[in-house]
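User: I have a structure open and some questions about its cysteines, its cores and its empty spaces. Can we go through them one by one?

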Amino acid sequence: MASDTPESLMALCTDLCLRNLDGTLGYLLDKETLRLHPDVFLPSEICDRLVNEYVELVNAACNFEPHESFFSLFSDPRSTRLTRIHLREDLVQDQDLEAIRKQDLVELYLTNCEKLSAKSLQTLRSFSHTLVSLSLFGCANIFYEEENPGGCEDECLVNPTCQVLVKDFTFEGFSRLRFLNLGRMIDGVPVESLLRPLSSLAALDLSGIQTSDAAFLTQWKDSLVSLVLYNMDLSDDHIRVIVQLHKLRHLDISRDRLSSYYKFKLTRKVLSLFVQKLGNLMSLDISGHMILENCSISKMDEEAGQTSVEPSKSSITPFRALKRPLQFLGLFETSLCRLTHIPAYKGRGDKNGEQVLNAIEAYTEPRPEITSRAINLHVATVPERCNQLLGALKLVITALKCHKYDKNIQVTGSAALFYLTNSEYRAEQSVRLRRQVIQVVLNGMESYQEVTVQRNCCLTLCNFSIPEELEFQYRRVNELLLGILSPSRQDESIQRIAVHLCNALVCQVDNDHKEAVGKMGFVVTMLKLIQKKLLDKICDQVMEFSWSALWNITDETPDNCEMFLNFNGMRLFLDCLKEFPEKQELHRNMLGLLGNVAEVKELRPQLMTSQFISVFSNLLESKADGIEVSYNACGVLSHIMFDGPEAWGVCEPRRAEVEERMWAAIQSWDINSRRNINYRSFEPILRLLPQGISPVSQHWATWALYNLVSVYPDKYCPLLIKEGGLPLLRDVIQMATARQETKEMARKVTEHCSTFKEENMDASR
């Protein structure tokens, strides 16, 4: 079972402070610049967490607004201490780093911060005396400065700032720097001269950087323990350099096999060199490489029996010379991952669910192009070949958060979420985890109008209990669904799912929620969908769900009922009735909605036309959907009758004639009919009881209560007792104007409820 441990106090306080910065930690100077309160002093543990959580909130929470001067809170190291911060995406600009330049940073990870320019290179020098770890991964513009030279007038008419590559920056003075990531740096940066001042590098990531001469790496042959050369075009010269780095414990020379043509092939000789020369190697990633067949033994020669990680049994021939199994071995999208005996405790590949999950875990942030394919493979393994579904779900959530704007990740990730949140696996998932799923699904819907993403996201939401599990994002999810249902969208499958979700969201929620959604355009959107279907002469699930959604959203919500009338709802009702005379469920939904409208006293005069009264009267005799259409038509007329003879503003049909037809309809219904209806409150029915102006309305209300407490006593007896229905029914029994059959029915209802109450009291003793 899932463990729903509450958030830590630290997490809750951090979130509260970040959402109320000028009311907790700081104040606004000149109504725009944040300043820390003078009596606040924060240690590094809290400051680091505030910054890192702020970045997460900006990237993952739609309802969180970033503050332009947030980083100015940490400008003074006497009151705040930053040591380890991870910043990402377009959130971070030059002025933000400048604001914290006085801090003694030990760890600074800048990931895909494309708004940083060469100004930030100069700011980095401020941290040179303390910085141990630095990542500039994906900061494509940080080596560019803006210039407006006189010689580029024509170009500057188009682009007023000409970008010039900075080539004179080096890491001179960064004496403590041990870990450096320059992955995905733009072409033209002189890597060798840039790095030359660093004397004791322990880890270096040059992913995506091309250099024909890697000899400069040998200056760290006695210190470098981790080297990543992902997607670097390798040659034999590169291999000769790599094998000189004898301290290496982690080597990654993997590549994206789809990125470009790549002539270098891993041979048995190359793999043997790694084993012989790199004796400390614990982790090796050669994913994506073309590997010659002579690297593996034949299937016939593989040792039978249980899969083994022992090098002596390795199916990869060169690795039989390993002194011990590797901790990690990356073989994703290579022929080797499908071999039986792989000498590693943890493998990345595409042979089974476990290998694929390891690949997703390793590549999520730095390699979205590979992650999307790995997630796609994982979807193919669910649920038959992967027994780590909870871990898989967390990894997919992380990938979707990291790459909110990557279409491939969003397509494959949203598909994976649909399978992983299936009700079959719900018991293993905590409330917090399922809320994270909802957040990333809504992020995907917000960021991508692409049909596949939208469909996957909508289908995933269908795996949740609605509205309960979506209530914490109620407004946002409704806005997104209404956007999907705009008339310009023609994809029928998405439209059908979105209308179903909208209907579920307004069912069983309080009236405040319904009114808010009505003001967002819910009623109008549904009416437009109905109008479009009418023009096309199609009555499908979209049409029926739209009427059902209107029925739900108008329940005890006068404003939405009025909106329905104001936007030509009655005309659409008549047209649908005429166009689709045999559609029973459609008729039920429409009459249910009109029952809600009729409950609003101020709106009933708009229903008092000869045409409408005639239609309602004729529907009394309908046998569609059991008694539902007849019952709902009678409900509409009961509320109209309740206003008395003086409110009957039409000559035809006559009030007495309609009343007679109502009596006949009620007497024809089976009191034990099972119902396709769901009452949250009896208040609209109960108000018809204490009156003598319309005995037939009183009789309809009593029949409704009798039917519901007889067929569904567990649900409706407590509701009737709670809402004070029994005293009203006892009054009916004593009322001179009430008909005898009404009194008899009222007596049976009170007896049912009294018996139910006694039985439940006995059971509780």
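**Cysteines, cores and spaces**

Analyst: Start with cysteine 462, which is partly exposed, with a relative accessible area of 32%. Buried means under 20% relative accessible area, exposed over 50%, and partly exposed in between (1.4 Å probe, protein chains only). This is a predicted model, where local features need pLDDT of at least 70, side-chain atom pairs count only at pLDDT 80 or more, and totals for chains, interfaces and linings use all residues. Residues are numbered from 1 along each chain as its sequence is written, and side-chain values use heavy atoms, with hydrogens and water left out.

User: How many disulfides does the structure hold?

Analyst: The structure holds 0 disulfides, a disulfide being a pair of cysteine sulfur atoms within 2.5 Å.

User: Why is there no bond between cysteine 139 and cysteine 113?

Analyst: The two sulfurs are too far apart for a bond, because the distance from cysteine 139 to cysteine 113, its closest cysteine sulfur, is 4.5 Å. Cysteine 139 is buried, with a relative accessible area of 0%. For cysteine 462, the nearest cysteine sulfur is that of cysteine 458, 7.2 Å away.

User: Other topic. Which residues touch the most other members in the largest nonpolar core?

Analyst: Trp547, Phe564 and Phe573 do, in a core of 149 residues. A nonpolar core is a set of buried Ala, Val, Leu, Ile, Met, Phe, Trp, Tyr and Cys residues joined through side-chain atoms within 4.5 Å. Helix α27 (residues 695-711) provides the largest share of this core, 9 residues. Another core, of 103 residues, lies apart from it and includes Leu34 and Val270.

User: And what is phenylalanine 564 in contact with?

Analyst: Leaving aside neighbours within four places in sequence, phenylalanine 564 has contacts that include Val523, Trp547, Met570 and Val597. Contact means heavy atoms within 4.5 Å.

User: Now the empty space. What volume does the second largest pocket have?

Analyst: About 570 Å³. Of its 32 lining residues, the closest to its centre are Trp551, Asn552, Gly592, Ile677 and Asn678. On a 1 Å grid over the protein atoms alone, a pocket is an open set of points with protein on both sides within 12 Å along at least five of seven lines, and a cavity is a set where a 1.4 Å probe fits but cannot get out; lining residues have an atom within 4 Å of a point.

User: Which residues line the largest cavity?

Analyst: Asn59, Arg88, Glu89, Lys401, Cys402, Lys404 and Tyr405 line the largest cavity. About 30 Å³ of space lies in it.

How values were computed:
Grid points are joined across faces, edges and corners, and a volume is the space filled by probe spheres set on the points. Helices (H or I, at least four residues) and strands (E, at least two) are DSSP runs, numbered from the N terminus.
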